[in-house]
Amino acid sequence: MDLLNTLVDKGLRREPPTREEALAVLASSDDDLLDVVAAAGKVRRQWFGRRVKLNYLVNLKSGLCPEDCSYCSQRLGSKAEILKYTWLKPDEASKAAAAGVAGGAKRVCLVASGRGPTDRDVDRVSRTIEAIKEQHEGVEVCACLGLLTDGQAERLRAAGADAYNHNLNTSEGTYGDITTTHTYADRVETVRQAQGAGLSACSGLIAGMGESDADLVDVVFSLRELDPDSVPVNFLIPFEGTPLAKEWNLTPQRCLRILAMVRFVCPDVEVRLAGGREVHLRSMQPLALHLVNSIFLGDYLTSEGQAGQADLDMITDAGFVVEEADTTTLPAHRAPAGGGCGGHDGGCAPCGDAAPEEETAGSGDAGSARPDLVAVRRRGAGTDLAPNA
């Protein structure tokens, strides 16, 4: 396909595709899917070789969030039967992080539910960061605490944080359809605050709500303009007890096309396969490694992932290698910190009716419901059971 040759050439030069080219990737057929994956794989290998960075999530505070994000199992009014607990103590969080590091994780992502941290919360997380860094020399720590106020990013950086995650989630035009308690502009501002404090910015999206191809392209182009070091791609996990529980709009093929589009638009950025991969990619997960260069190991915030050893086996069997701790993730022309956090359990996309048929990409894009694959996390942080790592 001439389109794919053009996209590869642009990706190798770090030149973005046009919006029309990005839309064409999403609209490609299943017959062309392997060609699309192979083309995006050339761009991935140019900048990241066959390395896969492992990241590990620690949910510091679960549930009880005052925000109304429609996709989230921790939202205000959620009836999802998830774990609910207040802040882990620094030693508890450090112990949880140790399991991920032992499993090969290069980065620990500290996440807490809520609109944003108080200054006391920042102090608490700072002590946790210091405890993890003291125990694991060289490990990267990313914080994901919600909207930041002036000076908080600087304090996290001073405590040893390497990165800050705050996802844009969906296009600016549809953001108000999924959340009313904060704005898209609030999210952009927090990412910019993190960057201004010298933190490696991580910001991504979550797909799967019947959003149009134009919405997906809009948010990915917005992310390119914001220029985070890491772009996590999440796929909605439709939790029972949330407004979007009945939304099953993704197929493995659709997920691969989305990942390929993100790689073409953000060729030299850490693209992370995050929440929902086990639910929607299923047996096609190894193919996604040709598009992304980063994944989460083990479980997510409120849902369980596949066994950590299965993740490691998948990487090896697909011909990839786990990125070592002393390897810089990003190519030399980008900031040396590299990467970020951002795996979540729900998708973030416009709430409401599915996109019109003519706006739905490719063939076979109507996903079949698989609620049997949605497993609420019952182990690890906040429990007495061993974590999955």
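In this predicted model, Asn 55 of strand β1 stands opposite Phe 296 in strand β9. The two strands run parallel and are joined by three bridges. Strand β9 spans residues 294-296.

Strand β1 also pairs with two further partners. With strand β2, residues 107-112, the pairing is parallel and counts six bridges. Here Tyr 56 stands opposite Val 108. With strand β10, residues 321-322, the sense is again parallel, over two bridges. In that pairing Val 52 stands opposite Val 322.

Strand β1 itself covers residues 51-61. Of its 11 residues, 10 are buried, so the strand is largely enclosed by the rest of the structure. Buried here means under 20% relative accessible area.

Strand β1 is also part of what covers helix α5. This helix has 17 residues, from 119 to 135. Its first and last C-alpha atoms lie 25 Å apart, close to the 24 Å expected at 1.5 Å a residue.

Several residues of α5 are buried: Asp 121, Val 122, Arg 124, Val 125, Ser 126, Thr 128, Ile 129 and Ile 132. An α-helix has 3.6 residues a turn, so residues three or four places apart point the same way. The cover over the buried residues of α5 includes both strands and helices. Among the strands are β1, β2 and β3, the last at residues 140-144. The helices include α4, residues 90-102, and α6, residues 152-158. Strand β2 thus appears twice, as a parallel partner of β1 and as part of the cover of α5.

Definitions and conventions. Residues numbered from 1 in each chain as written. Predicted model: local features only at pLDDT ≥ 70, side-chain atom pairs only at ≥ 80, totals over all residues. Heavy atoms only, no water. Buried < 20%, exposed > 50% of the residue type's maximum accessible area, 1.4 Å probe, protein only. Helix = DSSP H or I, 4+ residues; strand = E, 2+ residues; numbered from the N terminus. Pairing = 2+ DSSP bridges. Expected span 1.5 Å × (residues − 1). Contact = heavy atoms within 4.5 Å.
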